[in-house]
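Trainee: I should like to work through this protein chain from its fold down to single residues. May we begin with the model itself?

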Amino acid sequence: SFFGVVDYSFDSRYYVRASLRSDGSSKFGVNNRWGTFYSVGASWNIHNESFLDNSSIINALKLRASYGENGNDRIGDYEQWGVYGPVGYNATSGMAPNQPANPDLTWEVNTTYNIGLDFGLFKRLTGSLDYYNRLTTSMLLDTPLSRTSGFINLRQNIGELKNTGVEGAFNLQVLNGSVNWNIGITIAHNKSEILDLG
């Protein structure tokens, strides 16, 4: 892998981060072994703005957004190769092809964008809210083959899957002293939709 990251911040209010990476995996075919992925994110510390200097209600407020890609290579070894295996026929042992080759097998790609808000109120209530949208393309799936080919299936890059959802986490500090008492709650909702199965 090769990767680089650039960070920039200004006046404890604005933050930007960008990254670029290139990954190679021997699990993939010789035609498509390398994948290049990028991401960019930004945040705004609204509570550090002058118009909130004297706020007795808001003690933390941050707006976040990000967009980026990453790759998935979580498949078995040698799935891009045409391999042989032991067989038996009529009490005779031998070797025969048991997996076809796919030199074009490559990275599964996840593209995600996210927007979120972190907050703190009355120095007692803290929390975060997030919305995300994730699209998976070039999915690494076993594709059924015609039995006349001599094989059952072949690992290929087909299909698309979309995940969207919201997440929230909240924490309330009820007591702070000789006795500490915090109440927390986390909520989440996710919707998965298969867009294409090739």
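The exchange below moves from the whole chain to its sheet, its aromatic rings and two residues.

Mentor: This is a predicted model, in which local features need pLDDT of at least 70, side-chain atom pairs count only at pLDDT 80 or more, and totals for chains, interfaces and linings use all residues. Residues are numbered from 1 along each chain as its sequence is written, and side-chain values use heavy atoms, with hydrogens and water left out.

Trainee: How many helices and strands does the protein chain have?

Mentor: Elements are DSSP runs numbered from the N terminus, with at least four residues for helices (H or I) and at least two for strands (E). From the N terminus on, the elements run β-β-β-β-β-β-β-β-β-β-β-β. The count is therefore zero helices and 12 strands.

Trainee: Why is the protein chain described as more spread out than a compact globule?

Mentor: The radius of gyration is taken over C-alpha atoms, and the globule rule is 2.2 Å times the number of residues to the power 0.38. The C-alpha atoms fill a box of roughly 85 × 35 × 35 Å along the principal axes. For 198 residues the rule gives 16 Å, and the chain is more spread out because its radius of gyration is well over that, at 25 Å.

Trainee: In what order do the eight strands of the open sheet lie?

Mentor: Two strands pair if DSSP finds at least two bridges between them. The pairing in this sheet is antiparallel, and the order is 1-2-3-4-7-8-11-12. Strand 1 (2-10) and strand 12 (181-196) each pair on one side only, which makes the edge strands strand 1 and strand 12.

Trainee: Which residue of strand 7 is the bridge partner of Leu 63?

Mentor: Strand 4 (residues 58-72) and strand 7 pair in the antiparallel sense over 14 bridges. In strand 7, the bridge partner of Leu 63 is Leu 117.

Trainee: Which kind of aromatic pair do Phe 37 and Trp 107 form?

Mentor: Rings of Phe, Tyr and Trp (its six-membered ring) pair if their centres lie within 6.5 Å; planes under 30 degrees apart count as stacked, over 60 as edge-to-face and the rest as tilted. The structure holds eight aromatic pairs. In the pair of Phe 37 and Trp 107 the centres are 5.6 Å apart and the planes stand at 75°, so the pair is edge-to-face.

Trainee: How many residues apart are Phe 37 and Trp 107?

Mentor: Phe 37 lies in strand 3 (residues 34-45), and Trp 107 lies in the loop between strand 6 (92-99) and strand 7 (108-121). The pair links distant parts of the chain, 70 residues apart.

Trainee: Is Ser 43 buried or exposed?

Mentor: Buried means under 20% relative accessible area, exposed over 50%, and partly exposed in between (1.4 Å probe, protein chains only). Ser 43 lies in strand 3. Its contacts (heavy atoms within 4.5 Å), leaving aside neighbours within four places in sequence, include Tyr 14 and Leu 63. Because its relative accessibility is 16%, Ser 43 counts as buried.

Trainee: What separates the C-alpha atoms of Ile 58 and Gly 120?

Mentor: Ile 58 has its place in strand 4 and is partly exposed, with a relative accessible area of 24%. Leaving aside neighbours within four places in sequence, Ile 58 is in contact with Leu 52, Gly 120 and Leu 121. Ile 58 and Gly 120 are 62 residues apart along the chain, and their C-alpha atoms are separated by 6.1 Å.
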